[in-house]
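The following exercises are to be worked with the sequence and the three-dimensional structure at hand. Each task is followed by a solution in steps.

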Amino acid sequence: MKKITGLLLLILLLTGCRSVPKLSSEDLDVLTKYAPEIAMLHRRDVPPNSRQKYEAAKKLADGVDFSFTTNVQLLDTIFSVVDARVDNPKSYEQQLMFLYQWQGKSVRFLFTRFGNYVTRAEVLEK
């Protein structure tokens, strides 16, 4: 009995357990559940290297799974165009980066876009 309990405990420790799974970015609940954070990211009077935008971006990164994002219009809904860094604005294939920093910490959202479709998404927190 002790071996089984120990084994179960070891499995839990190795695999971890997340109480609330991340919402898919394509889920409509993202727009309502994270409405205050999305509104903050759209504020033009607040720079991307502010505490407010960093905290909003961090909350989105922690609660939303962007790995299956396919629609570029969704990016326009969640992020502000003002904060976007585009590698080649005249190309049909582009990399869009949204970088939010505060006191040495950062959240970076990187999307590769081909026309109206997102082909790759990456979220990196430091």
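**Exercise 1. Locate Ser-25, determine whether Ser-25 is buried or exposed, and list what Ser-25 touches.**

Solution. The coordinates are those of a predicted model.

Step 1. Ser-25 sits in the loop that runs between β1 (23–24) and α2 (29–33).

Step 2. The relative accessible area of Ser-25 is 1%. The cut-off for a buried residue is under 20%, so Ser-25 is buried.

Step 3. When residues up to four places away in sequence are not counted, Ser-25 touches Val-30, Val-64, Asp-65, Phe-66, Thr-69 and Leu-74.

**Exercise 2. Carry out the analysis of location, accessibility and contacts for Thr-70.**

Solution.

Step 1. Thr-70 belongs to the loop between β2 (64–65) and α5 (72–78).

Step 2. With a relative accessible area of 40%, Thr-70 is partly exposed.

Step 3. Not counting residues up to four places away in sequence, Thr-70 touches Glu-26, Asn-116, Tyr-117 and Val-118.

Step 4. For Val-118, the separation from Thr-70 is 48 residues in sequence, yet 4.5 Å in space, C-alpha to C-alpha.

**Exercise 3. Describe the overall composition of the protein chain: its helices and strands, its buried share and its exposed area.**

Solution.

Step 1. The protein chain contains five helices and six strands. Their order along the sequence is α-β-α-α-α-β-α-β-β-β-β.

Step 2. Of the 126 residues in the protein chain, 33% are buried.

Step 3. The area exposed by the protein chain is about 8,400 Å², and carbon and sulfur atoms supply 58% of that area.

Step 4. Among contacts in the protein chain with a separation of 6 or more, 49% are between residues 24 or more positions apart.

**Exercise 4. Which residues have the most contacts inside the largest nonpolar core, and which elements give two or more residues to this core?**

Solution.

Step 1. The largest nonpolar core has 26 residues, and those with the most contacts inside it are Ile-78, Phe-79, Phe-109 and Phe-111.

Step 2. The elements giving two or more residues to this core are α3, α4, α5, β4 (93–102) and β5 (105–114). Helix α4 provides the largest share, five residues.

Step 3. Consider Phe-109, leaving aside its neighbours within four places in sequence. The contacts of Phe-109 include Ala-57, Leu-60, Ala-61, Phe-66 and Phe-79. Also among them are Leu-96, Met-97, Phe-98, Tyr-100, Glu-122 and Val-123.

**Exercise 5. Establish how β5 pairs with β4 and with β6, and examine the two hairpin turns.**

Solution.

Step 1. β4 and β5 pair in the antiparallel sense, over 10 bridges. β5 and strand β6 (residues 117–125) also run antiparallel, and eight bridges join them.

Step 2. Follow one path across the strands. Tyr-100 has Val-107 in β5 as its bridge partner, and Val-107 in turn has Glu-125 in β6 as a bridge partner.

Step 3. The hairpin of β4 and β5 has two residues between the strands, and Gln-103 takes a positive phi near 45° there. The hairpin of β5 and β6 also has two residues between its strands, and Gly-115 in the turn has a positive phi of about 65°.

**Exercise 6. How many salt bridges does the whole structure contain, and what do individual pairs connect?**

Solution.

Step 1. A search of the whole structure yields eight salt bridges. Side chains of opposite charge can pair when their charged atoms come close.

Step 2. One of the pairs is Glu-37 with Lys-59, at 3.2 Å, N to O. Glu-37 lies in helix α3 (residues 35–41) and Lys-59 in helix α4 (residues 51–63), so this pair ties together parts that are 22 residues apart in sequence. Glu-37 is buried, at 10% relative accessible area, whereas Lys-59 is partly exposed, at 44%.

Step 3. Glu-55 and Arg-51 form a salt bridge at 3.3 Å, N to O. Both residues lie in helix α4, four residues apart, about one turn of the helix. Glu-55 is partly exposed at 42% relative accessibility, and Arg-51 is partly exposed at 37%.

Step 4. The side chains of Arg-120 and Glu-122 meet at 2.7 Å, N to O, in a salt bridge. Arg-120 is partly exposed at 38% relative accessibility, and Glu-122 is partly exposed at 24%.

Step 5. Lys-58, Asp-62 and Glu-125 are joined into one network by salt bridges that share partners.

Technical notes
Residues numbered from 1 in each chain as written. Predicted model: local features only at pLDDT ≥ 70, side-chain atom pairs only at ≥ 80, totals over all residues. Heavy atoms only, no water. Salt bridge = Lys/Arg side-chain N within 4 Å of Asp/Glu carboxyl O. Buried < 20%, exposed > 50% of the residue type's maximum accessible area, 1.4 Å probe, protein only. Contact = heavy atoms within 4.5 Å. Areas by Shrake-Rupley, 256 points an atom, 1.4 Å probe, with all protein chains shown as cover. Core = buried A, V, L, I, M, F, W, Y, C linked by side-chain atoms within 4.5 Å. Pairing = 2+ DSSP bridges.
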